[in-house]
Amino acid sequence: MDPQLLISGVIFGLSMASVYFLMSIGLSLCFGLMRIISLDQLLYYSVGAYLAYTVSVVSGNVWLGVLAGVVVSGMTALVVERFIFRRIYERELTFSMITSFGILIGGVGVIKAIWGVVPRPVRMPTPDLVTIFGTEVPVYRLMVVGIAALVYIGIWLFLNKTIIGKAIRAGIEDVEHVEGLGINVSRLFTITFVIAGALSGLAGGLHAPLIMVDPQMGLEVLAFVFMVVIIGGLGSIKGTLVSSLIVGQVVSIGSLIYAPLALMAPFAIMLLILLVKPTGLYGSTMVKK
Amino acid sequence: MAEQSLVVRGLNVAYGESKVLFDIDFDVAPNQIVCCVGRNGAGKTTLLKSIAGFLKPSSGAATAGGVNLIGHRPYDVARMGVKYVPQDKKVFSDLTVRENLELGSYATKDYNWDRVMEYFPKLKILLDRKAGFLSGGERQMLMIGRATLGNPKVMLIDEPTEGLAPSIVTHLKYVFGELSKSAALVIVEQNLPLVCGIAHKVYAMRDGRIVAELPGGAALTPAACEPYL
C-alpha cells in the first residue's frame, strides 16, 4: 500500500475514532450507572450537528455552532432524563432500549420538520493542511482528534478527582450501595445523562464539517457506536477509547484495502472479541438490578 | 419512658404476590444492641432492607427517633441517621479505601475520620489500597467504618461476622460495644456466642415472623437461641 495513502488513512481513522469515542462514552456511562441503553444519544449527535450548521450559517463561526450544539444537546438530554427516563429506570433493560429508540425516531421527525430532508453542508472551520511524513492532512481532522483526547483527559479527571465522579464510579459498581451511604443517586443519574448528551452533541458538531448533515445521520452511525460500546465493554471509559481506536482504524484502513471491508470488518472484529471475551475488552459482568 | 431509637409496627413486606414479612413489631432503645437470629430465608435481611428503604413495605410503620422512615428513598433514610451495612461485604472495589471513606464523608458531610481510625487502625495503612484487594475482614471494617461517619443514631448491620477469622470477630465485638455508646444497633447474626456476648435483646425470626423475644444478659445462652436456627 502507498505509504502516503496509509498515513492519510490512519489520520482519517483517528478522526473517525474520535467521533465514535465521543458518542459511545455517553452510551457506555449510561449503561454502566443507570443500566439503560440510551439510543437517544444518537439524536443528540444529530442535534449537535444541526446546531453547528445553523449557528455557523447565521454567525459564520463553526466553533460557535459546535458550542451551541453541546449546550442544546445537553439541555435536550436534561429534559428527556427528567420527563422520561426518570420514570423508567426501574424497568427492564429492553424497556429503556425501546423507549430511547422511540425518542430517537420521534426526534428525527422533529429534525425533518425543522430543517427538512435535504442534506446540509457545514463549512470546515479551517481549510489548512499540514504535512505529516510527506502526506498532506487536514488540520481540522487533527483538531477533532485533539479535542477528543482533551475530553478523555477531562472525563478521566472528573471521574477520578472529583467526589461526584467517584460517586459515579462507585455507582457503576453498585448503585444501591451508593444510595445506602446517603447519596442522592437520581442526581448522579441526571448529571451523567446530561454529560452524555452534551458529548454526543459535541460529536455531532465536530463531525458535521466532515460529512453532510442529514436527519438520518444518527441512525447511520448506530451500528458503529454499538460495536464500539460492545467491544470496549459496557460501562468502561478506557474500553470505549480503545475500541473506538480499533473500529476507527478498521473502518478507515479496511476501506483502503477493499471498500466493503469498511462495513464488514468491524463486525468480524466484534464477533472475534466476543468469542474470546464475552464482556468486551474492559467490561465487567454487570447485570440489570 | 424514653423515646425509642427504632420502632417497627405491623410491618408487612411482599415480593410481588409472595408475602415474606408478617406483622413485624419490634423496638430498639437508645444505645441498645438488638440481634435478629433465624434460619436462612426467615426474613432477617428483608426486615433490615425494608427499614433502610430498599424495599417498600405493603403496610406497617417504622420510625427512628419518632421520624417516619417508610416511603422514603434509601438515601433519605441514611440521611435521617439510619445506616444499613449489607451482608455481602461489597465495597467499591475500583475505589481506594480513602475514596470509599470520602464517599461516606460526602454523603454525611462528616469529614472527621478519627473515630473510624480509632476503631479500625488497620484502615490507616490501607488508605491508598484499592478496596477490591482487601480481605473479607478488612472489607467489613471499611463498611462499618464508613457507616459510622455522620454519627448515625441507628445502625442496621447484616451478618457482619460471616466468614471472618475469630480474631476479627473478637475485634468487631469490641467495636459494636463502642458503637452502642452513641447509637442503637440492630444486628442480624448467626454467630450465637457473639450474639449472647453483645445483645441486650434478641428477636428470633421464622418464616417471616418474629416468633420469640429473648432478653439479653446472663440468661441468654447459645442453647436458648439454637431452637430458632
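Of the 289 residues in chain A, buried ones make up 52%. Keep in mind as we go that this is a predicted model.

Let's stay with chain A for a while. Its secondary structure comes to 10 helices and four strands. If you walk along the sequence, the order reads α-α-α-α-β-β-β-α-α-α-β-α-α-α. The radius of gyration is 19 Å, close to the 19 Å that the globule rule gives for 289 residues, so chain A is as compact as a globular protein of that length. For a feel of the dimensions, picture a box of roughly 60 × 45 × 35 Å along the principal axes, filled by the C-alpha atoms of chain A. The contacts tell you something about how the chain is put together, too: take those between residues at least 6 apart in sequence, and 76% of them join residues at least 24 apart.

Now zoom in on one spot towards the end of that chain. Thr279(A) sits in the segment that follows helix H10 (261–276) of chain A. Is Thr279(A) buried or partly exposed? It has 17 other C-beta atoms within 10 Å, and being buried takes 20 or more, so Thr279(A) counts as partly exposed. Thr279(A) also gives us a small example of residues brought together from separate parts of the sequence: Ile231(A) is 48 residues away along the chain, yet the two C-alpha atoms are separated by 8.1 Å.

Over to chain B, starting with helix H1, which covers residues 44–51. This helix is mostly covered, with seven of its eight residues buried. Which residues of H1(B) are buried? They are Lys44(B), Thr45(B), Thr46(B), Leu47(B), Leu48(B), Ser50(B) and Ile51(B). Just past the end of H1(B) you run into Gly53(B), whose phi is positive, at about 95 degrees.

That leaves the place where the two chains meet. Here 21 residues of chain B are in contact with 16 residues of chain A. On the chain B side, the elements that give two or more residues are helix H2 (74–79) and helix H3 (97–108). Which of these gives the largest share? That would be H3(B), with seven residues. As for chemistry, the chain B side of the interface divides into 12 nonpolar residues, six charged and three polar. So much for counting residues; as a general point, the size of an interface is often given another way, as the accessible area lost when the parts come together.

Notes. Residues are numbered from 1 along each chain as its sequence is written. Chains are lettered from A and ligands numbered from 1 in the order in which they are written. This is a predicted model: local features need pLDDT of at least 70, side-chain atom pairs count only at pLDDT 80 or more; totals for chains, interfaces and linings use all residues. A residue is buried if 20 or more other C-beta atoms lie within 10 Å of its own, exposed if 12 or fewer, and partly exposed in between; C-beta atoms are placed from the backbone. Two residues are in contact if their C-beta atoms, placed from the backbone, lie within 7 Å. Ala, Val, Leu, Ile, Met, Phe, Trp, Tyr, Cys and Pro count as nonpolar, Asp, Glu, Lys and Arg as charged, and the others, Gly among them, as polar. The radius of gyration is taken over C-alpha atoms; the globule rule is 2.2 Å times the number of residues to the power 0.38.
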